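This report describes the overall form of one protein chain and then turns to one of its sheets. The sequence and structure are shown first.

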2 protein chains.
Amino acid sequence: MKEKIIELLADENFKELKEFLADANEADIAECLDELEQSDVAVVFRLLKKDEAADIFSRMDPDTQENLIEILSDKEIASIVSKLYVDDAADLVDELPANLVTRVLNNSSEAKRKAINEILKYPDDSAGSIMTTEYASLDEDATVQDAFDRIRKRGLTKETIYTIYITDKDRHLVGVTTAKELLLAEPDTRMSELMEENVIAIPTTEDKEEVAKMFDKYDFLAMPVVDSENRLVGIVTVDDAMDVMSEENEEDFEKMAAIAPSEEDYMKESIFAQYKNRIVWLLVLMLSSIVTGKIITNYENAFAAVPLLVSFIPMIMDTGGNCGSQASTMVIRALATDEVETKDVLKVWWREIRIACLVGATLAVVNGIRIYLQYHDLPLSIVIGITLFCTACLAKSLGCLLPILAKTLKLDPAYMASPMITTMVDACSLVIFFNVALMLMNV
Amino acid sequence: MKEKIIELLADENFKELKEFLADANEADIAECLDELEQSDVAVVFRLLKKDEAADIFSRMDPDTQENLIEILSDKEIASIVSKLYVDDAADLVDELPANLVTRVLNNSSEAKRKAINEILKYPDDSAGSIMTTEYASLDEDATVQDAFDRIRKRGLTKETIYTIYITDKDRHLVGVTTAKELLLAEPDTRMSELMEENVIAIPTTEDKEEVAKMFDKYDFLAMPVVDSENRLVGIVTVDDAMDVMSEENEEDFEKMAAIAPSEEDYMKESIFAQYKNRIVWLLVLMLSSIVTGKIITNYENAFAAVPLLVSFIPMIMDTGGNCGSQASTMVIRALATDEVETKDVLKVWWREIRIACLVGATLAVVNGIRIYLQYHDLPLSIVIGITLFCTACLAKSLGCLLPILAKTLKLDPAYMASPMITTMVDACSLVIFFNVALMLMNV
């Protein structure tokens, strides 16, 4: 599709390009625009159907949007902004540099400007920041006929067709009804008779991650957002909830790999920004492993006498790290999905310690036999076996307890993942290793 | 809520319990049922409103569903199955043991039974397996009036309200229209005039992970599923796409921690099953680190002469592992979200090597200074500095190249995560370390 657009641009065949764009899907066009040369973007954008341009604009990358705003005339900007959903307009204003923000706001209607500012005042991670203020709501005294008149007059959007919110005179949310109910009811039925009164509403201050979880649980297409006095102020739609879910997941993957989370895409972020995201944890963890190094120097006599011991250090460290990160990954995810809560700490530990015994015993036996066959040294294979067993138990325990401890201390459990657990388990497993060796071997 | 139910059960206050359940949300009730004693589940379930029972049933855990099917009468089962969406009924049949499957199918209508079997014949990871065969479709010659009559007669479901699919006489998908268009059009308009002909449809054989990505990209509430001849066979709805997205994410977290992925929840899976999921990779990785151990024995002379060298092994191994898993996590995620493709391999490597130089230089300088201040040994700090720099470059390179290589070989890149990368980087970084030490120090 991108090739086709470039070809038509090169031929200056704008008539065919216009027809081609009219038939294409908005999300696909936005994806192509993100990949075109800056100068071409404006050319293509001006060929779009007027009623699709705003939708396509809202789906483009922030960089492409910024470039386009710089090129477009005030009139063109006004036309786009007037058609953008308020939540998309707020996202745009949030991302643009200050001078362009002024241009955008100057070309918005006063109502839109007020609505945008309304959304921007909510903290970045709150439900208020992802809601839109365009939704279908009706007074509890309105009739089904009123509802249809309103829908015919104002039009419908994807956001508003399925769920209609019912408010009282003071805009308090009192109920919800669906297009299905409207279609099946008599025209003179009042909303107060039709509506379902048990509405699950989100406070504006709710964490947006919790909002995404509620969508996953309840399978709603939209949820109402209310202020502290239960007045309806907006709705969150399922597509925005999906975006939050994706973002939070990417952040968790990054945190669990000891990277400071970033909203920018991998290929778009600058090298220096990525360096900054990665170096902090690397330094912290590197300096922590100095402790492990220190511990080893205490056992210099042991490996001076039996140099072979040194060759088992990597295996013991790696196995300990892997055992620990398996446990921590499972527990971090179970905490993230609310399957495990901090009060379950003993139950979780009891699970992990039993798994650790099975895992540790298997590793000990397999490796014990391997070492005995290779070196014919029974004490050595016993030392390695015992070390592996103890390391597995310790690693699984730390792996499950540290994320829960972090959550108890209101820290993000995702940081207690593989890198952190590995560093901690390393030190402990080597202490076990050398002590068992000192006890059982002639060193 | 669970406490309230248990309290009312204990008091045998079924009247109030019934009222309480009638007012509660279906997803919340299902969650409580999953946590109640087996014997209580059936009692509570029988108090549910008839038209809500099937919805609640479809939201319960497979275990709870199984227990309930065992207890309920044939008549009760028939009543539930008749109200279940076909995709939920197919999920149920897929999870139940054989004897209960027979009971469920014997109590289904023939149409339902056929529809269930239709869905079950698609492979587990295909679009066909997550679609439902209940959707709103109209002939291209139908009028808007016909559409409303049909909706009033057959009722509407969440799945069908927003999008209506238009087919020709042979059930080929030819267009799509929305409730919005229907409401705004004249009653005698034909579907063929109203419909949008550019429909993005999913083949039944499409990977369900790709389907979830399409929902994320296009923000649809439902998408049509077609067979190889473009005949409409079902629809996938956004809530099912969200479930796929969550599942795939959990699987990736597990794979990246060297755990065989499992669909079972952490707290519900048996200890032995979890042991099996974890032990395979642990054994593979443990035996791989024997190679690293072997390498160390080659340099016995080096650390016999300067025992202090041994104390740097943990720091070098950990730092290498962390550098590598940062890169591999970023690249695995970028591959999973289609941001990076295999043909970008050189671009990705060029990014990583530049980040590696910055990271490596910082680590080298910080640690070089630290060691010089601690041991006043300039050659040693240079050895450690050079080793850290080379390890960072090597680790970041392996970390970005191996996932892309895996993808090229049609393997899952998620397995090229921290545990695998760490094991490989360990061996290489120690070779670098000892060789640099042999060259620069008097050993």
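## A three-stranded sheet

In this predicted model, three strands of chain A form an open sheet with mixed pairing, arranged in the order β4-β5-β6. Because β4 (202-203) and β6 (232-237) of chain A each have a single partner strand, they stand at the edges, and one side of each is left without a neighbour in the sheet.

Strands of a sheet pair through backbone hydrogen bonds, in either a parallel or an antiparallel sense. Strand β5 of chain A, residues 222-226, pairs with β6(A) in the antiparallel sense, and five bridges join the two. Within this pairing, A:V225 lies opposite A:G234 of β6(A).

## The helix on the sheet

Helix α17 of chain A, formed by residues 238-256, packs on this sheet and touches both β5 and β6 of chain A. The direction of helix α17 makes about 65 degrees with that of β6(A).

## The chain as a whole

Chain A contains 23 helices and six strands. Its radius of gyration is 30 Å, whereas the globule rule gives 22 Å for 443 residues; the value is well over that figure, so chain A is more spread out than a compact globule. The C-alpha trace of chain A spans about 90 × 60 × 35 Å along its principal axes.

Of the 443 residues in chain A, 45% are buried. Among contacts in chain A with a separation of 6 or more, 70% are between residues 24 or more positions apart.

Note on methods:
Residues are numbered from 1 along each chain as its sequence is written. Chains are lettered from A and ligands numbered from 1 in the order in which they are written. This is a predicted model: local features need pLDDT of at least 70, side-chain atom pairs count only at pLDDT 80 or more; totals for chains, interfaces and linings use all residues. Helices (H or I, at least four residues) and strands (E, at least two) are DSSP runs, numbered from the N terminus. The radius of gyration is taken over C-alpha atoms; the globule rule is 2.2 Å times the number of residues to the power 0.38. A residue is buried if 20 or more other C-beta atoms lie within 10 Å of its own, exposed if 12 or fewer, and partly exposed in between; C-beta atoms are placed from the backbone. Two residues are in contact if their C-beta atoms, placed from the backbone, lie within 7 Å. Two strands pair if DSSP finds at least two bridges between them. Axes are lines fitted to C-alpha atoms, for helices over the stretch in contact, and angles run from 0 to 180 degrees between N-to-C directions.
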